[in-house]
Amino acid sequence: MPDGFEAYVAAKGQSLLRFAFVLTGNHHLAEDIVQEVLARMHARWRRLDRTDSPDAYVRRAIVREFLSWRRSRKSGEQAMATLPDRPSSQRDASQRLVDRDEVWHWLAGLARSQRAVLILRFYEDLSDDQIAEVLGCAKATVRVHASRGLARLRTVVPDFRHTGVTP
């Protein structure tokens, strides 16, 4: 019978990998980040497992690892054309690849903190309070990063004003 940590990794591992991939845009870097974070979590899992939401704590650690100076120096960011999971849509496969490539290109042009805030807001569907907790910053800082990131996207994404996304 697997212990709590093994069960958590079995249940949430792919979700954490997808989350890290969306942050990094690089499958190998995402795997490295998740592996490092889970290795650190293993030693303190008994204490962490008793909290209300170990998932939020692990995701916060993934974001912090992504934003860390060590990672920014080591990683040469690359936009990836595909996500590690399959979309449910039956749209033309080549058009999906083109769309994904464009999105990665636009996100890669943002500062890491802006990208992290937008991904936490729109991909993870977190509130400003939750994002501030994950990033360890003030709600006002979250709003500034979101506003600046969306403003930057408005300058580079065609027809962005018509998408209905507002800061």
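## A tour of an all-helix chain

From the N terminus onward, the elements run α-α-α-α-α-α-α-α-α. Colour by secondary structure and you should find 9 helices and 0 strands. Keep in mind as you go that this is a predicted model.

**Stop one: the whole chain.** Select everything and switch on a surface. The chain has 167 residues, and 37% of them count as buried. Its accessible surface comes to about 10100 Å², with carbon and sulfur atoms contributing 50% of that area. If you draw a contact map next, look at the pairs at least 6 apart in sequence: 64% of those contacts join residues at least 24 apart.

**Stop two: a helix pair.** Now select residues 112-122, which form helix H7, together with residues 128-135, which form helix H8. Two packed helices are described by the angle between their axes and the distance between those axes. Here the angle is about 135 degrees, and the axes lie 10 Å apart. An angle of that value makes H7 oblique to H8. Turn the view to look through one helix onto the other: the crossing of H7 and H8 is right-handed.

**Stop three: the residues in between.** Show side chains for the contact. Which residues of H7 and H8 make it? On H7, pick Val 117, Leu 120 and Arg 121. On H8, pick Asp 128, Ile 131, Val 134 and Leu 135. Colour this set by class and the contact of H7 with H8 shows 5 nonpolar and 2 charged residues, with no polar ones. The charged residues are Arg 121 of H7 and Asp 128 of H8.

Notes
Residues are numbered from 1 along each chain as its sequence is written. This is a predicted model: local features need pLDDT of at least 70, side-chain atom pairs count only at pLDDT 80 or more; totals for chains, interfaces and linings use all residues. Side-chain values use heavy atoms; hydrogens and water are left out. Helices (H or I, at least four residues) and strands (E, at least two) are DSSP runs, numbered from the N terminus. Buried means under 20% relative accessible area, exposed over 50%, partly exposed in between (1.4 Å probe, protein chains only). Contact means heavy atoms within 4.5 Å. Accessible areas come from the Shrake-Rupley method with a 1.4 Å probe; for residues, only the protein chains shown count as cover. Axes are lines fitted to C-alpha atoms, for helices over the stretch in contact, and angles run from 0 to 180 degrees between N-to-C directions. Angles under 35 degrees count as roughly parallel, over 145 as roughly antiparallel, 65 to 115 as roughly perpendicular and the rest as oblique. A crossing is left-handed if the near helix is turned anticlockwise from the far one by less than a right angle, and right-handed if clockwise.
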